[in-house]
Amino acid sequence: MDWLLHGGFAWQTDPKLEFNLHPVLMITGFVFLYGNAILVFRALPGKKKTTLKILHVMLHTLSLVCVIVGLKSVFDSRNLPAKPISNLYSLHSWLGLLSVILYILQVRLISLRATRKISLMMKNSKSIFSEWCFSSLLGC
């Protein structure tokens, strides 16, 4: 609701309004898109597996784009004013950054797995990373 009370959105021209993008993009990316990417196989059981995989990857990609733009907006809103505000001073910021790093690491590691042995080792870590990222961001 902050964006409604304080004048909407902006990009680098107005850092105060640029901050308003952060909660919208983080909720859209990590809660809505990421949550739907997780549930796509359960929600659409009658569809072809190839179609579901493409939808799954597209939702994860859109989620990642929203999260990265949301992070850029919050860092810009703190670094661009005449009197910059310090970054990463709260538990929320550290847990959020850790969640984004783990999410990117998970996507990167899954895309790099080449052998069956690595695939078997990654099966459990994918689930752990996914559940941790999703539940920690719902708590923030």
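**Group meeting: a six-helix chain**

Of the 140 residues in the protein chain, 34% are buried, where buried means under 20% relative accessible area, exposed over 50%, and partly exposed in between (1.4 Å probe, protein chains only). This is a predicted model, in which local features need pLDDT of at least 70 and side-chain atom pairs count only at pLDDT 80 or more, while totals for chains, interfaces and linings use all residues. Residues are numbered from 1 along each chain as its sequence is written, and side-chain values use heavy atoms, with hydrogens and water left out.

Start with the fold. The protein chain has six helices and zero strands; helices (H or I, at least four residues) and strands (E, at least two) are DSSP runs, numbered from the N terminus. Along the sequence the pattern reads α-α-α-α-α-α. Contact here means heavy atoms within 4.5 Å. Taking contacts between residues at least 6 apart in sequence, 61% join residues at least 24 apart.

Next, the interior. Which residues form the largest nonpolar core? There are seven: Met26, Phe30, Tyr34, Val67, Leu71, Val100 and Tyr103. Three elements give two or more residues each to this core, namely α3 (21-43), α4 (49-79) and α5 (91-112). The most comes from α3, with three residues. A second, separate core has six residues, including Leu25, Leu33, Ala37 and Leu59. By a nonpolar core I mean a set of buried Ala, Val, Leu, Ile, Met, Phe, Trp, Tyr and Cys residues joined through side-chain atoms within 4.5 Å. In soluble globular proteins, nonpolar side chains tend to be buried together.

Helix α3 has several buried residues, among them His22, Gly29, Gly35 and Val40. The helix is kinked by about 40°, with the kink centred on Ala37. That bend is the angle between axes fitted to the seven residues ending at a residue and the seven starting there.

Two residues show what packs against α3. Val67, leaving aside neighbours within four places in sequence, is in contact with Met26, Gly29, Phe30 and Val100. Ser63 sits in helix α4 and counts as buried because its relative accessibility is 0%. With the same neighbours left aside, Ser63 touches Gly29, Phe30, Leu33, Tyr34 and Tyr103.

Now charges. How many salt bridges does the structure hold? One, a salt bridge being a side-chain nitrogen of Lys or Arg within 4 Å of a carboxyl oxygen of Asp or Glu. The side chains of Lys72 and Asp76 form it, at 2.8 Å from N to O. Because they are four residues apart in helix α4, Lys72 and Asp76 are separated by about one helical turn. Lys72 is partly exposed at 39% relative accessible area, whereas Asp76, at 11%, counts as buried.

On to the surface. The protein chain exposes about 9300 Å², and carbon and sulfur atoms supply 70% of that; accessible areas come from the Shrake-Rupley method with a 1.4 Å probe, and for residues only the protein chains shown count as cover. Trp11, Val65 and Val69 make a nonpolar surface patch of about 240 Å². Val69 is in helix α4 and is partly exposed, at 31% relative accessibility.

Last, the loop between α4 and α5, where Ile85 lies. Ile85 counts as partly exposed, with 41% relative accessibility. Leaving aside neighbours within four places in sequence, Ile85 is in contact with Arg78 and Asn79. The C-alpha atoms of Ile85 and Phe75 are 9.4 Å apart, the two residues being ten apart along the chain.

Terms used
Patch = residues over 30% accessible without salt bridge, like charges linked within 9 Å, V, L, I, M, F, W, Y side chains within 5 Å.
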